[in-house]
Amino acid sequence: MTVLPIRIHGEPVLHEKAAPVTEFDERLRTLVADMFETMDAAPGVGLAAPQVGVGQRLFVYSYRNDDGAPWRGVVINPSLSMTPPPAGPADEDEDSEGCLSFPGERFPLRRSENVVVTGVDSEERPVRIEADGWRARILQHEYDHLDGTLYIDRLDSAFDRVLLRIVKKRGWTGPGNSWNPMDERLEG
């Protein structure tokens with residue numbers, strides 16, 4: 001397995017709708033294994049294929065439940081249904097979110113409390129996940145990546161100036177930016 005470079009804001013693949021997966025072969029299974037390896041090394045709780053430069057509709061996730069049990073898997077060609085997010089402003093602590101493709105930053109974002117994700121795994125077996133709370137947030141975040149949306153695209157416009165300063169200061173205005181979890185560990 002290989003730890004892959006994670007693409008950063010400005011990279012075109014992060015801002016485009018990903019294509020459906022059509023070939024379920026050894027190459028796909030290797031990509032999934034490499035994505036798990038990359039997510040774990042980052043460390044992260046989810047990783048979508050566009051974040052490693054692959055414009056295909058799949059993501060991996062990994063999170064420990066409150067009881068310490070692992071919740072880990074892959075969803076390929078997912079569909080997402082959800083209840084509307086609660087009304088009101090995002091809470092700075094409860095709704096704080098980060099992203100491996102906008103590393104080192106966290107911002108408050110309201111998300112739906114309940115989601116259902118369906119798709120298939122790397123062996124084309126059906127997957128259905130009903131999730132709430134933090135797990136629902138993870139699934140929505142990764143699903144957004146497949147539609148070319150970063151979580152910062154969903155933030156309240158009050159953050160626009162802050163985001164613009166970060167992007168300009170770090171040089172994330174165009175393609176060619178990535179980071180490798182084996183070279184450095186960023187929390188985000």
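For sorting pocket residues, Ala, Val, Leu, Ile, Met, Phe, Trp, Tyr, Cys and Pro count as nonpolar, Asp, Glu, Lys and Arg as charged, and the others, Gly among them, as polar. With that in hand, here is a walk through the structure, which is a predicted model.

Let's start with the second largest pocket. By class, its lining has three nonpolar, two polar and three charged residues. The residues around it are Thr 22, Glu 23, Asp 25, Arg 27, Leu 28, Leu 31, Val 54 and Gln 56. Leu 28, Leu 31 and Val 54 belong to the nonpolar class because Leu and Val are on the nonpolar list. The pocket's volume comes to about 190 Å³.

Now for the charges. The structure has a count of 14 salt bridges. Three of them are set out here:

| Salt bridge | Closest N to O |
|---|---|
| Arg 137 and Glu 97 | 2.5 Å |
| Asp 144 and Arg 111 | 2.9 Å |
| Asp 121 and Arg 125 | 2.8 Å |

Take Arg 137 and Glu 97, whose side chains meet in a salt bridge. This pair links distant parts of the chain, with Arg 137 in helix H2 and Glu 97 in strand S5 (residues 96–98), 40 residues apart. Both Arg 137 and Glu 97 are buried.

Asp 144 and Arg 111 form another salt bridge. Asp 144 sits in helix H2 while Arg 111 is in the loop between S6 and strand S7 (114–120), so this pair ties together parts that are 33 residues apart in sequence. Asp 144 has a relative accessibility of 6%, so it counts as buried. Arg 111 is buried too, with a relative accessible area of 6%.

What about Asp 121 and Arg 125: buried or partly exposed? Asp 121 is buried, at a relative accessible area of 12%, whereas Arg 125 counts as partly exposed at 48%. Elsewhere, salt bridges that share partners join Asp 95, Glu 97, Arg 110, Arg 111, Arg 137, Asp 144 and Arg 154 into one network.

Strand S5, where Glu 97 is found, is also the place of Gly 98. Gly 98 is buried, with a relative accessible area of 14%. Gly 98 and Pro 175 are 77 residues apart in sequence, and their C-alpha atoms are 20 Å apart in space.

On to the rings. How many aromatic pairs does a search of the whole structure find? The search turns up five. In one of these, the rings of Phe 107 and Phe 159 have centres 5.3 Å apart and planes at 70°, so the pair is edge-to-face; the angle fits that label because planes over 60 degrees apart count as edge-to-face. Phe 107 lies in strand S6 (residues 106–108), and Phe 159 in the loop between helix H2 (133–146) and helix H3 (160–170), so the two rings tie together parts that are 52 residues apart in sequence. Phe 107 counts as buried, at 6% relative accessibility.

Phe 59, Tyr 61 and Trp 71 form one aromatic cluster. Trp 71 also has a charged neighbour: Arg 135 lies over its face, at 4.8 Å from the ring centre. There is a similar arrangement at Tyr 143, where the charged end of Arg 57 sits over the ring, 5.6 Å from its centre.

Conventions
Residues numbered from 1 in each chain as written. Predicted model: local features only at pLDDT ≥ 70, side-chain atom pairs only at ≥ 80, totals over all residues. Heavy atoms only, no water. Phe/Tyr/Trp six-rings, centres within 6.5 Å; stacked < 30°, edge-to-face > 60°. Helix = DSSP H or I, 4+ residues; strand = E, 2+ residues; numbered from the N terminus. Buried < 20%, exposed > 50% of the residue type's maximum accessible area, 1.4 Å probe, protein only. Lys NZ or Arg CZ within 6 Å of the ring centre and 35° of its normal. 1 Å grid on protein atoms, 1.4 Å probe; cavity = no way out; pocket = protein on both sides within 12 Å on 5 of 7 lines; lining within 4 Å. Points joined across faces, edges and corners; volume = space filled by probe spheres on them. Salt bridge = Lys/Arg side-chain N within 4 Å of Asp/Glu carboxyl O.
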